[in-house]
Amino acid sequence: MAAEKLRDLSKPIDVSVLDATVAAFYGTGSKQERNAADLILRELQNNPDMWLQVVHILSNTQNLNTKFFALQVLEGVIKYRWNVLPVEQRDGMKNYISDVIVKLSSNEASFRQERLYVNKLNVTLVQILKHEWPARWRSFIPDLVTAAKTSETICENCMAILKLLSEEVFDFSRGEMTQQKIKELKQSLNSEFQLIHELCLYVLSASQRTELIRATLATLHAFLSWIPLGYIFESPLLETLLKFFPVPSYRNLTLQCLTEVAALNFGDFYNGQYVNMYNIFMVQLQTVLPTNTNIPNAYANGSSEEQAFIQNLALFFTSFYKFHIRVLESTQENINSLLIGLEYLINISYVDDTEVFKVCLDYWNLLVSELFNANHNLENPAATANMMGLQTHGIGTQLLQRRQLYVGPMSKLRLLMISRMAKPEEVLIVEDENGNIVRETLKDNDVLVQYKIMRETLIYLAHLDHDDTEKQMLKKLSKQLNGEDWTWNNLNTLCWAIGSISGSMMEDQENRFLVMVIRDLLNLCEITKGKDNKAVIASNIMYVVGQYPRFLRAHWKFLKTVVNKLFEFMHETHPGVQDMACDTFLKIVQKCKHKFVIVQVGENEPFVSELLTTLPTTIADLEPHQIHSFYESVGQMIQAESDAPKREGYLQRLMNLPNQKWAEIIGHARGNVDFLKDQDVIRTVLNILQTNTSAASALGTYFLPQITLIFLDMLNVYKMYSELISSSIAEGGPYASRTSYVKLLRSVKRETLKLIETFLGKAEDQPQIGKQFVPPMMDPVLGDYARNLPDARESEVLSLFATIINKYKGAMIDDVPRIFEAVFQCTLEMITKNFEDYPEHRLKFFSLLRAIATHCFQALILLSPEQLKLVMNSVMWAFRHTERNIAETGLNLMLEMLKNFQNSEFCNQFYRLYFVLIVQEIFAVLTDTFHKPGFKLHVLVLQHLFCLVESGSLTEPLWDASTVPYSYPNNGMFVREYTIKLLGASFPNIPASEVTKFVNGLFESRADLSTFKNNIRDFLVQSKEFSAQDNMDLYAEEAAALKERERQRMLSIPGLIAPNELHDEMVDS
């Protein structure tokens, strides 16, 4: 009954019933009551006339939640329908909201009591302003300022509204409003700022109310980043702010305002004021926080206000130095004051708080890279002069003086970086919260990002003074050895720092330094007792040696000692040590593989031969996954042997253990095939295949003798296990596929496919390998896939054939019909029932389709129209997916096919059938916020279609003459008209003139991708579907280009890209 009463919106709504419904929704009643209330409220919210009741509700309810509900309804209207409402309704609502705000905020008691409601009303008012102001509400700012002068509480609320307005226009506008609207609002705020400025200064000089002053400072903080500079530097504003700084209750807000001023950077005109502000600030700061304060301790024991003060102080210093450090380097007095500030910042950097440290670290990184680049560019003085704003005359001396100035702070900074170095990704052994040494289970991305920045900073610092870097590291290491400074954390950060500067020193200095470091670490390992201690030291030795491949390549004795030490660690059962030993072994082998296959001075045989002899004992204590890694490492060594007979001999010795086991199992199976059904046997088979895959991934083509040996037996086992799976599922129903037995059998099938795919993918492009391996697989693999039940089909079959087609390209064209027949129809039936089932099959199916479209396009042309329709529908199905990589594969596939059909003789036929459909489908995903990541590809497909239709290549009409009453002059006109109709129907909230302008704009800018893309971005924002969201994906392409430029810059500085990340195979010869 209550629901019926609420649904009738022809008369004023019964507010008491609405209150009861809202109370039921938020209440503690039964789940049914809550669901019923939720249903009614949703219905009301979606009713287009509900908003007309908002004033009635707000005037008659005392319930805060009901008021919020009414304002939520109103916000929906403001956001999506405001501009189509009649003028009198807009004005009525605008005036009502303004009146309620003034009424509630003019009285101290109601203002404090209704604070949450007033805040929500303020937000609503600002949403209205974004539509109405400046064009339809010119007097808004003067009205606001006049109202503010009538009472201190109204003034406080006006400050809150101004702050919200500033944030909406300047901070949250990207993706919320079109570029034009943002520009218009910024200009209005700028031109009317004088009134706001006078009001703020008036309050700060005349008011005694703490809340009002705090609100004014908060508003100023929002405005300072964009107002014309004269309001800051040519008015008493700075003096007033500095006057408030020593007062505890305003200290943090004032400091935030000063930070905003410090972050402004518009040339040198106000340098004098900046120096003045900094010096006064420093004098006051030394009273508030004396220089001898132990800041990390003060922070740890401080209140939240005091902690915020330290954080704000870090922001102030880093902002000021970022833009104005130059002006402080001019006179001795300013230099002293600068050095005191840097000292404060270094002390703050020791505070045990991630956010505070991040702020400091970002600035240190900037400063040292600037100092480094200036010295790095000394060879090109003119470029440096431009960059640093110095005179070219005497540039060398000036740079040296500047570098000299920072010698002290930089040395302290090195110690800071070494003491606080973050953990690199390769380190797997960590201390848990109970103080135990354990294997790391989860990667912490924040720590990895921090490590990257610290590493870069330390490399710049090392380049600025290699000797000081080396001295500080060795001094800290000797304190570890003599026990004076020994803790796990101290040793870890030191070793991580040593590993991170790899590649930055000259080779002879690096050699000298490392000999001492590795010797000391090995000694430390010998003299330290305790399992946990040894694990920490082992982890550090492994990390350091893994970072210096150049040193190991040059010193065979050290390389051999290190590898033997790793073999020792492979018997150490402490969690994480064996994993790290295997990882480090692989990393070292990849960089030094040639050293292991030649006979070194003083040796009788190559190391690889010696290793193969002792292999069974070396891997005796390793887990299966560690053994696989070990096999990959040895495979890498063998791959470096250029003499084929030797290489094959090594391979035979390497695979000896698994091959013996394999021969034994196949022998038993020939006598009694049921032997293969035993679970332990299946596990052994799986393990043997995984070992083969690891070796194949390292050896590529050279793995041929080994795979030939087991290939046919392997396919027989595959076939047999496949039949076993099918019969188990047929007998046991769908649940049988989840039993551990069936899962184990499927693992063997998958590993078989993976082994073949790894080998064929890595093998060099030799057609005879394809001819040898592909035909025998047709029935056991493809036929088996088609015959199986859906639950028993392996998605790896699809990726294997995608790899084969990508590898052997056009040579596979005759096999495509067979592949199509086996996998196409049956896979589509599995994946088109919904978007969730068989996720693995989806992606791999579309990757296979893409391989066919790219390399065997002719095979697609030969399909029947029904089959081609199936293909096209499946591609559209793919890019409708919300799963990012499936949608992306679908879009790439669509682009390939569009381009290929354009160049084929079936161009007209194809596009007549599919052009309009593709336009419709692409716009459907383009305007759906779930598909934002595909933006770049959506744009490319549309650009292709629009360019094609205007190029005149399509000679037949795209419209269907039987359904379209009149003919168009050309296809271009038809597509324009069609697109305008399509978008007009989809977005009734956008005026028809805007849609037409947008579509015409697309056709005009079709040849210029960036304008074309910007047009689409603006339209999406205008459609309001995209407005209240994070729109970073629409700018992803620009971000990728920036990333590549950064990589090129890093490559030019020794050490910035770690030596083990560089492809330096040439060096290792």
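**View 1. Tyr363 is a buried residue with an aromatic partner, Tyr321.** Tyr363 has 2% relative accessibility and so counts as buried (under 20% relative accessible area, with exposed over 50% and partly exposed in between, using a 1.4 Å probe and protein chains only). Tyr321 is buried as well, at 1%. This is a predicted model, in which local features need pLDDT of at least 70, side-chain atom pairs count only at pLDDT 80 or more, and totals for chains, interfaces and linings use all residues. Residues are numbered from 1 along each chain as its sequence is written, and side-chain values use heavy atoms, leaving out hydrogens and water.

The structure holds 51 aromatic pairs (rings of Phe, Tyr and Trp, the last by its six-membered ring, with centres within 6.5 Å; planes under 30 degrees apart are stacked, over 60 edge-to-face, the rest tilted). Tyr321 and Tyr363 form a tilted one, 6.0 Å centre to centre with 45 degrees between the planes. It links helix 19 (residues 304-324) to helix 21 (residues 354-376), 42 residues apart (helices are DSSP runs of H or I, at least four residues, numbered from the N terminus).

**View 2. Trp556 meets Phe607 edge-to-face.** Their ring centres are 5.9 Å apart and their planes at 75 degrees. The pair links Trp556 in helix 31 (residues 556-569) with Phe607 in helix 33 (residues 607-618), 51 residues apart. Trp556 is buried at 12%, and Phe607 is buried at 3%.

**View 3. Arg420 lies over the face of Phe357.** The distance to the ring centre is 4.1 Å (a charge sits over a ring if NZ of Lys or CZ of Arg is within 6 Å of the centre and within 35 degrees of the ring normal).

Technical notes:
Helix = DSSP H or I, 4+ residues; strand = E, 2+ residues; numbered from the N terminus.
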